[in-house]
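Here's a quick briefing on one helix and on the empty space inside a protein. Have the model open as you read.

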Amino acid sequence: MPKKEIRLNAFSMNCIGHINHGLWTHPQDRSSDYNTIGYWTNLAQTLERGLFDAIFLADILGVYDVYGGSVDVPLRESVQLPVNDPMMLVSAMAATTRHLGFGVTVNANAEPPYLFARRMSTLDHLTGGRMGWNIVTGYLDSAARAIGQSAMTGHDDRYDQADEALELLYRLWEGSWADDAVRADKQGRIYADPARVRTIDHQGTFYQSQGYHLSEPSPQRTPVLFQAGSSEKGRAFAARHAECIFISATDRKAAQRASRLLRAEAIKAGRQPDDIKIFVAINVIPGLTEMDAQEKYADYCRYASPEAGLAHFSAGSGIDLESLALDDPIIKDSGKGNAIQSGVQTARERGWTKRDLLTSLALGGRYPTLVGTASAIADELEAWIDEGEIDGFNLTRTVVPECYEEFVDLVIPELQSRGRYKTVYQGDTLRSSLFGNGDRLTRPHVAANWRFPGD
């Protein structure tokens with residue numbers, strides 16, 4: 001049986017401090033150039049040189065104000081603040097690349113679906129079909145207040161609303177224009193055939209919309225669908241909608257458990273286990289020698305901010321960690337919260353104290369960290385794929401741009417020599433490149449139910 005080919009996304013955000021907090025202070029780091037076009041186009045070209053599948057751009061709409069009840073630490077340490085719009089980056093990066101995909105995080109419940117549908121179709125056109133959407137439902141009360149709500153709605157209710165938003169979006173992307181609607185007939189003076197374009201009438205619990213999708217069909221129509229929910233409700237949502245699922249796992253066994261749960265959910269939803277690709281976030285610090293890699297890791301840790309990591313965790317868990325003593329347990333009850341349940345569950349299962357969490361935040365973030373030679377790192381990546389039963393990795397930022405440049409120069413050739421990584425891009429669109437089954441979503445995916453009649 002052939003070995004599974006490893007998939008790779010670069011995990012980033014349109015801000016200075018993303019996951020590994022404090023590293024923007026490293027002398028070699030260029031994250032503070034995030035608000036320049038050159039920063040992003042250079043990164044995109046590096047990633048395409050390394051044959052990355054996509055750059056996965058995270059996003060939030062609020063601020064991390066739980067730790068100490070303020071944004072003092074997020075402002076001082078730039079913990080995802082300031083943060084700019086991720087969608088604005090895509091056109092510039094697409095213009096300087098030919099194959100790299102773009103996974104953009106957008107809150108399904110904060111965007112009017114009718115307007116979002118056009119923006120995403122526009123980018124799918126401009127990129128030649130390289131767009132992906134990371135579907136999130138939000139978790140920050142600060143974001144809810146900022147957009148006019150008194151507080152964030154309940155965890156499960158957010159998924160119900162997102163499920164309806166997806167139905168409306170599928171109707172717009174897949175069902176408003178027929179495949180043959182665009183004729184572009186200059187002689188006959190018919191650009192689009194009126195008989196092959198129809199209005200969408202949606203009257204639901206959360207959304208009411210009546211109108212035509214304003215964009216003609218883009219190469220993929222529906223962008224590649226990413227999702228990161230790992231709660232019971234999140235897994236069911238992913239099984240119905242997601243093509244690529246992002247999980248957090250502290251080790252290979254945890255990855256295996258999560259992967260098996262997700263693939264079982266996909267089967268219950270009428271899909272095949274391989275209809276979804278599962279990605280784990282990971283830090284990689286490679287070196288020419290083991291000593292070189294270890295020295296680099298120690299150097300990075302000197303600039304990292306574990307306290308900024310606490311502020312990030314506080315926002316995700318809804319727990320003010322500043323108020324806890326070092327040996328206080330982080331999670332004191334077993335109930336479900338209204339924030340990110342995966343991090344809370346891990347802390348509960350492991351009985352973490354504040355001291356334990358600080359130890360895990362040596363690099364400023366909590367994702368697994370691989371340090372070593374290209375060969376040693378390749379060994380570990382292969383083990384995660386095979387034992388964790390995953391498909392690939394979201395490679396996080398540490399010190400930019402060297403973290404991606406060194407991975408491309410050192411680790412990629414090693415993986416290629418083992419037959420675990422592609423040597424050329426396959427397919428013209430992001431979906432065809434990832435799955436090899438064409439550009440469009442087809443049955444049994446639920447989006448196909450909304451296609452224009454006869455298509």
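What follows covers helix 14 and then the cavities.

This is a predicted model, where local features need pLDDT of at least 70, side-chain atom pairs count only at pLDDT 80 or more, and totals for chains, interfaces and linings use all residues. Residues are numbered from 1 along each chain as its sequence is written, and side-chain values use heavy atoms, with hydrogens and water left out.

**Helix 14**

- Helix 14 runs over residues 402-417, helices being DSSP runs of H or I with at least four residues, numbered from the N terminus.
- There's a bend of about 35 degrees at valine 408, taken as the angle between axes fitted to the seven residues ending there and the seven starting there.
- Its buried residues (under 20% relative accessible area, 1.4 Å probe, protein chains only) include Tyr404, Phe407, Val408 and Leu415.
- Just past helix 14, glycine 419 has a positive phi of about 75 degrees.

**Cavities**

- Two cavities of 30 Å³ or more turn up; a cavity is a set of points on a 1 Å grid over the protein atoms alone where a 1.4 Å probe fits but cannot get out, and lining residues have an atom within 4 Å of a point.
- The largest has a volume of about 70 Å³, that is, the space filled by probe spheres set on the points.
- Among the residues lining the largest cavity are His18, Trp24, Asp29 and Arg397.
- The second largest holds about 30 Å³, and Glu111, Phe116 and Trp133 are among its lining residues.

Key
Helices (H or I, at least four residues) and strands (E, at least two) are DSSP runs, numbered from the N terminus. The expected span of a helix is 1.5 Å times one less than its number of residues. Buried means under 20% relative accessible area, exposed over 50%, partly exposed in between (1.4 Å probe, protein chains only). On a 1 Å grid over the protein atoms alone, a cavity is a set of points where a 1.4 Å probe fits but cannot get out, and a pocket is an open set with protein on both sides within 12 Å along at least five of seven lines; lining residues have an atom within 4 Å of a point.
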